Amino acid sequence: MSRIIRIVAFGMGLCGGIVASQGPEFAQQYRQRLGGAIDELRQVITRFDADAQASGETQASAIARLRSNTDDFVSRQGAAMQANVERLGRLEAHRGAMMQAGPFSRIALMVRDGDQDVMEAVYRDFEPALPVTEEGVLSSAAGFVVLWGGLLLLAGFLRSLWRRPRHPARA
C-alpha cells in the first residue's frame, strides 16, 4: 500500500508541476496582450487628439464638448473617449509596475491588479507551454513539491490514525 501511495503522490506531483508551470506562461501572454491593448488605445487617442487639434480644441475640451452635447449619441461618444483615456492611463501604469516587478511578483501583480478584459482575453486564447525560464522551472518544482509532499504527509497522517490501537471502552 505504501508503494502505491508513493507512486500516486509522484504522479500527482508531476501534475502539480505542470499546472504550476503555467502561471509564468499565463503572465507572459498577459503582458503581451496588455502591450497590444495599450498600443491600440494610443492609436485611438492619437487620432482623437489630432481631430481635436484640427478643430482648435485640446483633448480635455473636445471630450467636454462631446459630453455636454444634447444629442445622446454624441454625449456617449464623449464619455467613451474619456473612458479610453482613463483606461490607457491605468494600463500604462499597470504595465510599468509589471516591468519593474520581479519574476514571481509579476504573477501576483497580474492576479491582484490585472485588467479584467485583458485577463479574460488571455484566458480564452491561452495556449499552455513549458516555460524554460528560471521562473517557469521554479514554479514547476514548487508545484511538484507541494502536491507530492502534501500527499505523502496526508497519507502518513491517515496511516497513523488507522494504526492507532483502539482502547476498549471501560465499563
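**Exercise 1.** Determine whether Leu154 counts as buried, partly exposed or exposed in this predicted model, and state which surface patch includes Leu154.

*Solution.* Step 1: The relative accessibility of Leu154 is 44%. Step 2: Buried requires a value under 20% and exposed a value over 50%. Leu154 therefore counts as partly exposed. Step 3: Leu154 belongs to helix 6, which covers residues 134-163. Step 4: Together with Phe157, Leu158, Leu161 and Trp162, Leu154 makes a nonpolar surface patch of about 510 Å².

**Exercise 2.** Check the span of helix 3 against the value expected at 1.5 Å a residue, and identify the elements against which its buried residues pack.

*Solution.* Step 1: Helix 3 runs over residues 72-100 and has 29 residues. Step 2: The expected span is 1.5 Å times one less than the number of residues, which means 42 Å for helix 3. Step 3: The end C-alpha atoms are 42 Å apart, in agreement with that value. Step 4: The buried residues of this helix include Ser75, Gly78, Met81 and Arg87. Step 5: The buried residues of helix 3 pack against helix 1, helix 2, helix 4 and helix 5.

**Exercise 3.** State which parts of the structure are tied together by the salt bridge between Arg87 and Asp115, and whether these two residues are buried or exposed.

*Solution.* Step 1: In the salt bridge between Arg87 and Asp115, the closest N and O atoms are 2.7 Å apart. Step 2: Arg87 is in helix 3, whereas Asp115 is in the loop between helix 4 and helix 5, so the pair ties together parts that are 28 residues apart in sequence. Step 3: Both Arg87 and Asp115 are buried.

**Exercise 4.** Describe the salt bridge between Arg33 and Asp125 in the same manner.

*Solution.* Step 1: The closest N and O atoms of Arg33 and Asp125 are 2.3 Å apart. Step 2: Because Arg33 lies in helix 1 and Asp125 in helix 5, the pair ties together parts that are 92 residues apart in sequence. Step 3: Arg33 is partly exposed, with a relative accessible area of 33%, and Asp125 is partly exposed, at 44%.

**Exercise 5.** Establish where Glu25 lies, which residues Glu25 touches, and how far away the nearest side chain of opposite charge is.

*Solution.* Step 1: Glu25 is located in helix 1, residues 2-54. Step 2: Leaving aside residues up to four places away in sequence, Glu25 touches Phe126, Glu127, Ala129 and Pro131. Step 3: Glu25 is buried and has no salt bridge; Arg31, the nearest side chain of opposite charge, is 8.1 Å away. Step 4: A salt bridge requires the atoms to be within 4 Å.

How values were computed. Residues numbered from 1 in each chain as written. Predicted model: local features only at pLDDT ≥ 70, side-chain atom pairs only at ≥ 80, totals over all residues. Heavy atoms only, no water. Helix = DSSP H or I, 4+ residues; strand = E, 2+ residues; numbered from the N terminus. Buried < 20%, exposed > 50% of the residue type's maximum accessible area, 1.4 Å probe, protein only. Lys, Arg positive; Asp, Glu negative; His and termini not counted. Contact = heavy atoms within 4.5 Å. Patch = residues over 30% accessible without salt bridge, like charges linked within 9 Å, V, L, I, M, F, W, Y side chains within 5 Å. Areas by Shrake-Rupley, 256 points an atom, 1.4 Å probe, with all protein chains shown as cover.
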